[in-house]
Every structure is written in C-alpha cells, then in structure tokens.
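Me: I have a structure open here and want to go through it with you. Can we start with the ligand and its contacts?

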Amino acid sequence: MKRIALLGATGSIGRQAIEVVERTPELELCALASGSSDLSRLAAEHGVEHVQTGGDLVELLEQAEPDVVLNAVVGFAGVGATLWALERGVTLALANKESLVAAGDLALAARERGGGMLLPVDSEHSALFQCLEGRSGDTVDSLVLTASGGPFRGRARAELEGVTVEETLAHPTWSMGPKITVDSATLANKGLELIEAHVLFGVPYDAIEVVVHPSSIVHGLVRFRDGALLAHLGHPDMTVPISYALTYPQRAATEVPQLDLASGLTLEFEAPDLDTFPLLALARRAGEAAGTAPAAYNAANEVAVTAFLEGRLPFLAIADVVADVLGAASGAPARDLDDLVEADAEARRLAEGGVPVG
Ligand SMILES: NC(=O)c1ccc[n+]([C@@H]2O[C@H](COP(=O)([O-])OP(=O)(O)OC[C@H]3O[C@@H](n4cnc5c(N)ncnc54)[C@H](OP(=O)(O)O)[C@@H]3O)[C@@H](O)[C@H]2O)c1
C-alpha cells in the first residue's frame with residue numbers, strides 16, 4: 001500500500017488524482033491540503049487524518065510521513081513541499097511546475113542529497129520521462145515539447161486586444177484550473193514547461209524544441225543521435241500521467257480508452273508564433289540567464305495572470321509585465337530558500353508596480 005499526501009486536493013489535478021486513488025487498490029490517501037477550500041467532507045470520505053487548509057505544507061508532511069507527495073498546488077506556494085520531498089528522498093509526483101521553475105537549482109541539489117524519485121505529472125514531461133527511461137544521456141539528441149496552441153492559435157497580435165477572461169478560459173483540448181488555462185493561452189505554460197524540462201532532464205535549452213500540435217495527442221518526443229524519434233501518444237487526459245506517477249513502476253490499468261488509429265488519426269505540427277505569444281521566447285531567455293531569472297519570470301507571470309483574471313490587466317499586457325520584471329530583477333542565484341523567497345518577493349513587487357490596482 002502506498003500512502004499519498006495530496007496537496008491541492010480540491011483542484012483540477014487533485015480531483016482527478018482522487019479518482020485514480022479510488023480505482024487503484026494499492027493506493028491510499030494519508031494527507032490532504034488546499035489553499036482555502038474546506039476539506040472536512042473529503043477527509044471523512046477517505047478516512048484521512050492529516051488535513052490542512054492554508055498554512056505550512058511542510059508541517060503537514062512531517063506529521064503524515066507519506067510514501068509519495070503529489071504536489072498539485074498551483075504556483076510558488078508549492079515550493080516548500082517540493083523541496084521537502086526531494087530533501088528527504090520521499091517520492092515526489094510533481095504537477096506543480098512553478099516550484100521546479102522557480103527553485104530548479106535548489107531542487108536538484110535537494111534531490112542529490114535526498115536520493116528520491118522525481119516523477120513528473122505534467123503530461124509532456126511524463127511523456128519525455130517515459131521516452132527517455134533506460135537510455136543513457138549521450139544517446140539523446142534533443143527533446144520536443146508539444147503545445148496545443150491554446151484558444152488563440154492562428155490569431156495575429158492585433159486580434160488579441162480586448163480578449164475576455166471567458167474566451168481565454170475556453171481551452172480547446174484540456175480542462176484545467178484557471179491559472180494554467182490562461183498560461184496555455186499566452187504560451188507561458190509552454191515557457192514554464194521548457195524550463196521544467198531543462199531542470200528535469202538536464203538537456204541544454206538549444207536542444208529543447210517547442211512545436212504546436214493542436215490535437216494534443218502526441219505529448220512529447222525525443223530525438224536520438226542515430227536519427228530515431230520516439231513519441232508518446234494518448235488521449236489528452238491527465239488520468240494517465242497522474243496514474244503513471246502514483247503507481248510507478250507498475251503502470252496500473254486506467255479507464256482511459258485506447259487511441260483508435262485506423263479511424264483516420266492524423267497528426268499536425270507547426271512552429272509556434274513567437275511574435276504573437278512572446279512569453280515563450282521570454283521563458284527561454286530567463287532559463288538561459290539562469291540564477292533567479294526563472295523565479296522572476298514565474299512570479300511576474302503569477303501576478304499578471306491574477307490581475308488579468310480579476311479584470312485589472314488586458315491579455316496582451318501579461319507579457320509586457322513579465323518582460324519589464326525580467327529587465328529589472330537582479331537575477332542573482334539563490335543560495336537557499338530564503339534567498340529564493342526574497343527573489344520571488346522582489347519580482348512580485350516589481351510586477352505589482354506595473355499592474356493597475358483595480
Ligand atoms: N490541470 C491540469 O490539467 C494540469 C496539467 C499539468 C500541470 N498542472 C499543474 O498542476 C498544478 C495545479 O493545477 P490545477 O489546474 O489543478 O489548479 P487548480 O484547479 O487551480 O487547483 C489548485 C489547487 O491548489 C490549492 N492551493 C492553492 N494555494 C495553496 C496553498 N497555499 N496551499 C495549499 N494548497 C493550495 C487549491 O486549493 P483551493 O481549492 O483551496 O484554492 C487547489 O486545490 C499547477 O501547477 C499546474 O500548472 C495542471
């Protein structure tokens with residue numbers, strides 16, 4: 001029996017993870033956390049003793065002593081839990097990409113000391129992990145991340161002036177929480193994933209390509225030095241990567257249907273439009289700058305997305321806020337979590353300065 005601490009239990013990933021646990025006999029929940037939602041009914045239904053709404057996730061994890069931490073919190077709030085699991089060698093099933101983007105160097109150092117598994121839950125990284133598993137690094141030529149392109153794929157920049165929150169939240173292929181759905185529309189999500197892939201797999205930025213693939217059937221591809229290209233395909237359903245990470249290495253059965261290839265499945269790919277969606281190129285620049293530049297990118301984006309969702313900032317200004325913060329933030333490397341928290345706070349202050357109060 002694997003005991004799972006589910007952080008972000010009330011969110012999109014959290015709810016799907018609960019369904020996976022309910023259907024998988026070898027999994028049980030030992031801890032639940034949310035930001036502000038009440039968890040008492042969920043805890044009672046699943047007989048979970050360790051429950052926390054808001055507050056310190058590390059304290060909850062210390063008490064619950066899980067076998068696996070599923071970090072499905074949204075945003076920088078997930079950093080402490082990511083570092084806790086890696087430092088202690090507790091298996092980390094990671095959906096919270098923001099923590100790996102912001103704290104990449106600290107996370108790698110913590111994993112080195114702790115020696116535990118880091119299993120990506122992001123579908124693209126789960127795909128890459130599976131294509132890479134068992135291969136030595138020197139056989140790998142490059143990674144390919146696929147992007148759906150979001151609801152505004154194919155539009156010119158001028159056509160994005162004045163797009164509403166409602167239009168932005170209407171994602172064509174994935175049903176997800178509001179923050180990541182906005183990030184998918186701006187391509188900041190693919191920017192975060194680019195940095196996440198660099199941290200997870202140690203591949204240089206110039207060997208990670210992003211391609212737009214509107215149907216979201218191919219989740220990730222790896223090119224090898226002999227000319228082979230391995231791809232991971234499946235319906236766009238987060239059940240698969242969640243179940244893969246929670247039951248690793250068993251790959252438990254799920255109810256997700258198999259792809260029907262003979263019915264005429266076609267796969268289309270195109271280059272991303274970096275002029276209309278500048279947040280992807282900005283992420284590449286922040287990743288290459290290293291230090292706390294990725295943390296500043298993430299913090300500025302979180303502030304700008306919140307302002308957009310609250311109607312205080314136009315869609316196109318999200319990228320402007322992030323670009324301005326990256327130009328102004330120090331970017332100096334973080335020696336420890338305190339340094340990182342300070343860099344995050346500095347970027348948030350800078351970003352708030354560029355956002356109308358309301
Ligand atoms: N949704 C997807 O399909 C998908 C796919 C790949 C990766 N991800 C990543 O997975 C993460 C979660 O995404 P989501 O779409 O599930 O988001 P979501 O639906 O907005 O859910 C966020 C969850 O985090 C909780 N939370 C927020 N602040 C917290 C805090 N300070 N302490 C503890 N819990 C807190 C929320 O609790 P409340 O209910 O109390 O607010 C909620 O349970 C994000 O990093 C996202 O990028 C998501």
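Me: How far is a backbone N or O atom of G35 from an oxygen atom of the ligand?
Reply: In this predicted model, that distance is 2.9 Å for G35. A backbone N or O atom of S12 also lies 2.9 Å from an oxygen atom of the ligand. For S36, a backbone N or O atom is 2.6 Å from a ligand oxygen.

Me: And how much of the ligand's accessible area does the protein cover?
Reply: On its own the ligand has 890 Å² of accessible area, and the protein covers 85% of that.

Me: How many residues surround the ligand, and which are the closest?
Reply: There are 24 around the ligand, and the closest are T10, S36, S37, E98 and G177.

Me: Which helices each supply at least two residues of that shell?
Reply: α1 (12–23), α5 (97–102) and α9 (178–186) do.

Me: What is the shell like by class?
Reply: The shell around the ligand has 11 nonpolar, 10 polar and 3 charged residues.

Me: OK, switching to internal space. How many cavities of 30 Å³ or more are there?
Reply: The count comes to 3. The largest cavity holds about 80 Å³ of space, and the second largest about 60 Å³.

Me: Which residues line the largest one?
Reply: The lining is S123, S126, A127, Q130, W174, H219, H232, G234, H235, D237, V240 and P241. By class that is 4 nonpolar, 7 polar and 1 charged.

Me: Which helix gives the most to that lining?
Reply: α7, with 4 residues. Both α7 (123–132) and α11 supply at least two residues of the lining.

Me: Stay on α11 for a second. Why is α11 largely enclosed by the rest of the structure?
Reply: Because 8 of the 9 residues of α11 (residues 239–247) are buried, where buried means under 20% relative accessible area.

Me: Which ones are buried?
Reply: T239, P241, I242, S243, Y244, A245, L246 and T247. Of these, P241 is also in the lining of the largest cavity.

Me: Back to the second largest cavity. What lines that one?
Reply: R157, T186, T276, F277, P278, L279, F315, L316 and A319 line the second largest cavity.

Me: And the classes there?
Reply: The lining of the second largest cavity has 6 nonpolar, 2 polar and 1 charged residues. For the largest cavity, the figures were 4 nonpolar, 7 polar and 1 charged.

How values were computed: Residues are numbered from 1 along each chain as its sequence is written. This is a predicted model: local features need pLDDT of at least 70, side-chain atom pairs count only at pLDDT 80 or more; totals for chains, interfaces and linings use all residues. Side-chain values use heavy atoms; hydrogens and water are left out. Buried means under 20% relative accessible area, exposed over 50%, partly exposed in between (1.4 Å probe, protein chains only). On a 1 Å grid over the protein atoms alone, a cavity is a set of points where a 1.4 Å probe fits but cannot get out, and a pocket is an open set with protein on both sides within 12 Å along at least five of seven lines; lining residues have an atom within 4 Å of a point. Grid points are joined across faces, edges and corners, and a volume is the space filled by probe spheres set on the points. Ala, Val, Leu, Ile, Met, Phe, Trp, Tyr, Cys and Pro count as nonpolar, Asp, Glu, Lys and Arg as charged, and the others, Gly among them, as polar. A residue is near a molecule or strand if one of its heavy atoms lies within 4 Å of it. A polar contact is a pair of N or O atoms within 3.5 Å; within protein, one must be able to donate a hydrogen and the other to accept it, and residues adjacent in sequence count only if both atoms are side-chain atoms. Accessible areas come from the Shrake-Rupley method with a 1.4 Å probe; for residues, only the protein chains shown count as cover.
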